[in-house]
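The following paragraphs lead the reader through one structure, beginning with a single side chain and moving outward to the whole chain. Please keep the sequence and the structure in view while reading.

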Amino acid sequence: MKTNKKTLIIRIAVILILIVICAVMFVIGRGHTIYVDNKTIEYNGQEIGSKSEVDVYFNDELVTELYKGERTSFKILGQTLKFKISVKERQNSMTMDEYEIEYKIPYNMDGILFSVPAWLNELPEDQIMTEFVVEEVVDDSEIDLTEDMDITSVE
């Protein structure tokens with residue numbers, strides 16, 4: 001009887017430990033793809049222009065140089081987005097303003113689109129960080145429109 005009770009307690013303890021490990025791994029091990037955008041955006045009918053050049057740094061390493069209208073991506077683990085950008089306002093300018101960016105990432109977002117122009121103009125957070133959704137492009141050249149129709153050619 002004591003052996004059965006001891007075995008039951010050990011089994012319950014192992015199950016609880018596994019549940020705790022799963023919860024911790026969910027929080028710290030969740031991966032996200034971050035898309036950094038330097039594209040012109042529209043907000044409240046006003047056009048907010050992109051910058052001449054934006055250097056993106058992650059873990060103190062240069063990820064890429066973004067010019068007007070460009071986008072880059074990198075992957076992170078965890079729920080905190082932390083990276084640096086250097087911004088050149090005009091094409092011929094030699095000075096770059098440096099910024100450190102840090103945000104908490106919502107658990108429900110996998111691909112996050114971060115807009116540099118929105119962030120620099122201090123727009124609301126829902127304009128700065130949005131979920132990145134890939135649009136499906138249908139290639140019309142591969143669709144046979146006559147397949148389901150009863151069309152015969154006249155010679």
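In this predicted model, the side chain of Thr80 makes a polar contact with the side chain of Lys104, at 3.3 Å. Lys104 is one of several residues that Thr80 touches once residues up to four places away in sequence are set aside; the full group consists of Glu102, Tyr103, Lys104 and Ile105. In sequence, Thr80 and Glu102 lie 22 residues apart, yet the distance between their C-alpha atoms is 7.0 Å.

Where does Thr80 sit in the secondary structure? Thr80 belongs to strand β7, which covers residues 80–88. The surroundings of Thr80 leave some of its surface open: its relative accessible area is 31%. Because this value falls between the limits of 20% for buried and 50% for exposed residues, Thr80 is classed as partly exposed.

The view may now be widened to the whole chain. Three helices and 10 strands form its secondary structure. Followed along the sequence, these elements give the pattern α-β-β-β-β-β-β-β-β-β-α-α-β.

How much of the chain is buried? Of its 155 residues, 30% are buried. The accessible surface of the chain amounts to about 11,600 Å², and carbon and sulfur atoms account for 53% of that area. Contacts within the chain complete the description: among those between residues at least 6 apart in sequence, 57% join residues at least 24 apart.

Conventions. Residues are numbered from 1 along each chain as its sequence is written. This is a predicted model: local features need pLDDT of at least 70, side-chain atom pairs count only at pLDDT 80 or more; totals for chains, interfaces and linings use all residues. Side-chain values use heavy atoms; hydrogens and water are left out. Helices (H or I, at least four residues) and strands (E, at least two) are DSSP runs, numbered from the N terminus. Buried means under 20% relative accessible area, exposed over 50%, partly exposed in between (1.4 Å probe, protein chains only). Contact means heavy atoms within 4.5 Å. A polar contact is a pair of N or O atoms within 3.5 Å; within protein, one must be able to donate a hydrogen and the other to accept it, and residues adjacent in sequence count only if both atoms are side-chain atoms. Accessible areas come from the Shrake-Rupley method with a 1.4 Å probe; for residues, only the protein chains shown count as cover.
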